[in-house]
Amino acid sequence: MYHCLKNTTHHPFSPFLKTFPPTKHRNSHFSSSAIPNPNDNPNHEPIPANFPCRSLPESPSLVPTSNITRKPPTALSRNRSPTFDQHNHNDIISSNKIITSCIRSGDLDSALRVFNNMTVRTTVTWNSILAGYSKAPGKIKEAQQLFDRIPEKDAVSYNIMLGCYVQNSDMETAWSFFNSMPFKDTASWNTMISGFAQKGVMWKAKELFLAMPEKNHVTWSAMISGYVECGELESAVEFFEFADVKSVVAWTAMLNGYMKFGKIEKAERLFEEMPVKNLVTWNAMIAGYVENCQAENGLKLFRMMLRHGIRPNHSSLSSVLLGCSELSALQFGKQVHQLVCEKALCLFEEMRYKGVRPDWITFVAVLLACNHAGLVDTGVRYFNSMVKDYGVEPKSDHYTCMVDLLGRAGKLVEAVDLIKKMPFKPHCAIFGTLLGACRIHKNLEIAEFAAQNLLNLAPKSAAGYVQLANVYAAMNKWDHVARVRQSMKANKVVKTPGYSWMEIKSVVHEFRSGDRVHPELPSIHEKLNELEKKMKLAGYVPDLDFALHDLGEEQKEQLLLRHSEKLAIAFGLMKVPHGTPIRVFKNLRVCGDCHRAIKYISAIERREIIVRDTVRFHHFRDGSCSCGDYW
């Protein structure tokens with residue numbers, strides 16, 4: 001008799017435990033040499049899913065020649081020599097390796113082309129293609145048909161098909177197939193237990209667990225992970241404590257569970273006790289800290305992870321960026337953001353090295369990464385390689401990225417040249433992007449070109465008129481500003497009035513430029529006048545280019561000082577407790593003078609100020625902004 005769990009007499013599980021006889025495995029001609037070792041370490045992900053995927057053969061040559069299938073022999077093939085047979089055997093091994101490589105890279109079509117051209121196939125060949133179908137969503141029918149065609153199915157064949165049912169069908173179908181299998185090994189049981197656990201059917205997973213003849217670390221990990229995902233932490237703890245073999249997956253699942261329930265000290269203790277940690281473990285701790293409002297500890301742990309030489313992945317970076325956002329750790333956030341961009345480009349290079357062909361979406365992501373990282377030359381090189389190296393025709397998204405990239409760098413002439421070479425008519429976003437760059441770099445000639453084209457495409461676009469008027473005003477061309485305003489009036493284009501708002505103690509306070517309505521306006525003006533004196537002592541000079549009226553300098557300064565975002569921030573300084581971020585929202589793009597002034601205010605008042613305009617979040621702290629002065 002076989003006892004499923006040791007020392008059951010005094011264990012809390014004992015009321016539920018039963019004794020089962022060992023499953024009798026029938027003798028068969030199927031080779032066990034092709035069955036993957038169930039004790040191999042699969043601990044690359046926190047939940048032990050996809051057990052059948054591990055059945056993808058590593059070494060096709062290990063499959064016995066008794067499992068070779070051939071097309072019907074011809075007279076010519078009957079007369080072939082042993083030398084030819086040896087050559088044919090080598091071809092089988094080579095083809096199997098190619099198929100395996102294609103399946104692993106997700107290229108099922110190429111694998112099928114090799115498969116269909118093979119005159120001789122082994123069971124490994126069939127299993128590899130079956131694994132490809134099992135990994136492809138919506139291919140269960142094709143997998144079933146292929147499985148039925150396999151001449152001599154082995155344990156791997158059945159396990160792959162079982163895994164396919166678990167992933168792509170209901171568990172009832174998988175259960176029926178499992179019961180019909182002529183033999184079951186540890187991987188078969190693990191696949192079913194994992195399937196039920198992932199779908200939250202823990203009573204069935206436990207029933208199978210108790211009936212299973214031999215358990216390994218995958219079995220225990222599946223049960224522990226399942227209970228954690230279902231929110232049954234106590235059951236997860238019981239299984240974890242009683243497990244005779246604990247993989248890093250089980251440890252990480254428990255760590256996730258403790259963090260999920262806010263038991264941070266227990267998670268920390270478990271993390272320290274872990275004999276082996278992988279990237280998923282570190283990610284779980286970092287994310288747990290951030291989710292439990294301990295972002296600072298999360299960032300400290302991230303730094304420790306880097307010191308241990310562990311390279312972060314997208315999950316690590318997402319958690320860290322969220323943590324930076326909560327702490328307003330702007331400088332560290334910028335470094336992480338730069339790391340994200342570099343990682344994206346490294347991933348693209350790895351893609352190229354492995355022969356995976358990028359598509360147009362890939363290049364959009366790559367150009368965006370170059371844009372955010374300020375890698376102008378690299379972006380231009382990738383853009384030029386699209387057609388030349390990959391036959392990918394640039395779309396409007398790619399051109400918009402490139403115009404933005406060149407515009408940010410002040411390469412406005414190059415941006416215009418690129419627009420003129422476009423094989424299709426540019427859309428509004430391209431000219432709007434170019435016009436925004438002209439506003440930053442004060443290029444009147446190109447601004448007029450961009451505005452004219454933008455207004456031809458969208459005559460009612462208030463943004464086009466306003467941005468062009470801003471450029472004219474910055475160059476003191478007031479007659480041109482007046483003409484733009486007359487044109488707006490003639491075309492019945494109405495500029496949306498700018499206003500800012502903030503919430504304090506569940507009350508929303510709204511401010512407009514030159515506000516005369518807010519009940520605490522005298523106190524706000526007094527605070528602004530005080531701030532103006534401090535800012536000027538610190539070196540602030542109002543940028544009168546953003547006072548879009550033909551007035552004297554003193555009047556322009558007063559006009560700028562009464563912009564809605566400045567009114568809101570002054571009110572926030574009066575009402576928001578020190579140490580709490582001041583959060584302001586604006587319905588339009590924040591103006592350049594206000595942006596510069598808020599940087600001074602954040603440094604002088606030692607306050608964190610967050611402004612959300614129509615373009616992005618601006619996190620101001622210690623005299624700098626997260627946007628890098630481009631928005």
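This text walks through one sheet of a predicted model, strand by strand, with the helices that accompany it.

The sheet is open and has 6 strands, in the order β6-β5-β7-β8-β9-β10. Strands of a sheet pair through backbone hydrogen bonds, and this pairing can be parallel or antiparallel. In the present sheet the pairing is mixed. Its edges are formed by β6, residues 507-512, and β10, residues 624-625; each of these strands pairs on one side only.

Moving inward from β6, the order gives β5 and then β7. Strand β5 covers residues 499-504 and β7 covers residues 582-586. These two strands are antiparallel, paired over 2 bridges, and S500 stands opposite K586 of β7. Helix α28, residues 564-575, packs on the sheet and touches β5, β6, β7 and β8. The direction of α28 makes about 15 degrees with that of β5.

The pairing of β7 with β8 is parallel and runs over 4 bridges. Strand β8 spans residues 609-612, and its residue R612 is the bridge partner of F585. The connection between these strands involves helix α29, residues 592-604: β7, α29 and β8 make a right-handed β-α-β unit.

On to the next strand in the order, β9, which comprises residues 617-621. Strands β8 and β9 pair in the antiparallel sense over 4 bridges, with I610 opposite H619 of β9. The two strands form a hairpin, and 4 residues lie between them. After β9 the order ends with β10, the edge strand at residues 624-625.

Technical notes: Residues numbered from 1 in each chain as written. Predicted model: local features only at pLDDT ≥ 70, side-chain atom pairs only at ≥ 80, totals over all residues. Heavy atoms only, no water. Pairing = 2+ DSSP bridges. Contact = heavy atoms within 4.5 Å. Axes fitted to C-alpha atoms, helices over the stretch in contact; angles between N-to-C directions. Right-handed = clockwise from strand over helix to strand, strands pointing away.
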